[in-house]
Amino acid sequence: MHTLSDKELVERARAGNRGAFGTLVERYQDPLFRYARHMGFGEADARDILQDAFVRAFRHLERCGDPDRFDGWLFKITANLCRTAASKGANREEHGLDEVMLLETDPDPAEAAEAASRRRRIKAALEDLPADQREAAVLFYIQGYGVREIAELADASQSAIKMRLKRARESLKAALGPLGDEGTSA
Amino acid sequence: MMNRTNDEHLDAYLTGDVSLEDLPEALQAEERLLFGAMAMLREDVRAPASLKGAVMAEIARRPRSRWRAMVDWLVRPRTVRLSPAMGLGFAVAAVAVLALLPDGRLIPGSGDPAAAVSEAAPVLTRFVFVAPEASQVTLTGDWVSWDTEGIRLTQLRGSDVWTVDVPVPPGVHEYSFIVDGSEWRPDPLAGEPVDDGFGRANSVLMVAASEA
């Protein structure tokens with residue numbers, strides 16, 4: 001079966017095919033939702049941010065200069081909305097990912113509690129980073145982007161991203177040091 | 001072989017010039033620890049099932065207007081490739097158009113060419129922003145191509161007021177302040193901000209040409 005490329009879908013959506021845009025939503029909603037959650041937003045706020053991002057993207061599809069890079073363009077919209085929401089204090093969720101995972105993933109309550117405690121520390125260390133360092137760390141260590149891609153996504157120079165990553169890893173190392181003894185090897 | 005410092009090793013690794021396995025053992029261990037710790041957060045979180053439906057309902061409720069699409073099409077960045085022959089053709093056409101203007105004026109009805117140039121001269125414009133918690137405030141806008149390094153504002157001594165005088169070309173411009181290098185904020189002293197379509201609100205500035 002032929003899977004339509006982003007470019008083909010964007011062109012169809014521009015021609016008024018809303019179904020084509022729906023396919024793009026399906027394609028990118030999970031990675032973008034994970035990004036928003038890792039940037040510290042609760043489920044409801046992350047959902048609102050993504051809904052806003054997709055609607056804006058649809059309304060301004062003509063501004064997507066390179067439909068082959070629709071994913072990067074959409075990410076920039078989402079990242080900007082995350083920054084705006086963070087400046088309003090929306091990324092301080094009442095319950096974190098760890099509690100959700102505790103309930104969903106581990107049948108052994110003691111192990112689940114320990115894992116949740118470790119996740120909570122890691123998450124707190126990440127949330128304590130300045131927003132630009134947190135963004136770089138999430139994209140590099142969690143979402144697997146390279147420095148060049150992060151620089152493009154964040155509208156910053158590669159040297160600026162490397163500096164953010166170096167500062168982030170120093171802070172994370174300091175905060176997570178003891179975790180090394182608790183067996184966090186992947 | 002050249003001896004590198006840890007910082008140089010890390011730099012080469014982050015740039016992608018060397019792999020994780022090429023790093024000295026201590027740095028490798030640190031990176032593995034960080035990746036391992038972060039992997040604990042990399043759970044399979046999925047967007048709520050209701051998200052797509054909500055997006056599609058919103059799109060259906062307020063579809064793209066043809067006018068908005070046309071404006072967006074006009075401002076869409078694009079690469080134009082001209083062959084040498086086409087380039088020459090455009091140049092000849094441009095010279096012909098200028099030659100046809102009455103009195104050889106650059107802009108119809110603008111008087112002499114020197115006046116046309118002075119009309120476009122930048123106007124020194126003062127920007128003021130109040131930010132008690134900021135350690136740095138910069139200004140950026142369309143006339144500097146949204147340079148994220150921005151133009152630095154100076155904090156007035158003993159106050160929360162930041163200010164800068166900037167030459168701005170006449171016309172209508174969008175701009176924003178950036179607090180501490182990452183937080184984009186519209187100017188509260190300006191009128192209603194406009195949506196830039198990318199999740200931010202920009203302030204609008206109208207600069208009138210200065211009297212010659």
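**Strand pairing, burial and helix packing**

Me: In strand 9 of chain B, what is the bridge partner of Tyr175(B)?

Reply: The partner of Tyr175(B) is Ser203(B) in strand 9 of chain B. The model is a predicted one.

Me: What makes strand 6 and strand 9 of chain B a pair?

Reply: Five bridges link strand 6 to strand 9 (residues 201–207) of chain B, in the antiparallel sense. Pairing requires at least two bridges, so five suffice and the two strands count as paired.

Me: How do you know that strand 2 and strand 6 of chain B pair?

Reply: Strand 2 (residues 137–141) and strand 6 (residues 171–179) of chain B share five bridges and run antiparallel. The threshold of at least two bridges is therefore satisfied. In this pairing Thr138(B) faces Ile178(B) of strand 6.

Me: Which residue of strand 7 of chain B stands opposite Ile178(B), and what joins strand 6 to strand 7?

Reply: Trp184(B) in strand 7 stands opposite Ile178(B). Strand 6 and strand 7 of chain B are joined by three bridges and run antiparallel; because at least two are required, they qualify as a pair. The two strands form a hairpin with three residues between them, and Asp180(B) in the turn has a positive phi of about 55°.

Me: Why are strand 1 and strand 4 of chain B called edge strands?

Reply: Three strands of chain B make up an open sheet in the order 1-5-4, with antiparallel pairing. Strand 1 (123–130) and strand 4 (154–155) each pair on one side only, and they are the edge strands. Strand 1 is joined to strand 5 (residues 161–168) by eight bridges, and Val130(B) lies opposite Val161(B) of strand 5.

Me: Why is Val128(B) classed as it is, buried or exposed?

Reply: Val128(B), a residue of strand 1 of chain B, has 12 other C-beta atoms within 10 Å. A count of 12 or fewer means exposed, so Val128(B) is exposed. Leaving aside residues up to four places away in sequence, Val128(B) touches Val161(B), Thr163(B) and Leu189(B).

Me: What makes helix 4 of chain A largely enclosed?

Reply: Of the 18 residues of helix 4 of chain A, 13 are buried, so the helix is largely enclosed by the rest of the structure. Helix 4 (residues 70–87) reaches 26 Å from its first C-alpha to its last, close to the 26 Å expected at 1.5 Å a residue.

Me: Why are helix 1 and helix 2 of chain A described as oblique to each other?

Reply: Helix 1 (residues 6–14) and helix 2 (residues 18–38) of chain A pack at an angle of about 140°, with their axes 7 Å apart. Roughly antiparallel would need an angle over 145 degrees and roughly perpendicular one of 65 to 115, so about 140° counts as oblique. The contact is made by Asp6(A), Leu9(A), Arg12(A) and Ala13(A) of helix 1 with Ala20(A), Phe21(A), Thr23(A) and Leu24(A) of helix 2.

Me: How many residues of each chain are in contact, and which element of chain B gives the most?

Reply: In the contact between the chains, 48 residues of chain B meet 58 residues of chain A. Helix 2 of chain B gives the most to its side, with nine residues.

Terms used:
Residues numbered from 1 in each chain as written. Chains lettered and ligands numbered in written order. Predicted model: local features only at pLDDT ≥ 70, side-chain atom pairs only at ≥ 80, totals over all residues. Helix = DSSP H or I, 4+ residues; strand = E, 2+ residues; numbered from the N terminus. Buried ≥ 20, exposed ≤ 12 C-beta atoms within 10 Å, placed from the backbone. Contact = placed C-beta atoms within 7 Å. Expected span 1.5 Å × (residues − 1). Axes fitted to C-alpha atoms, helices over the stretch in contact; angles between N-to-C directions.
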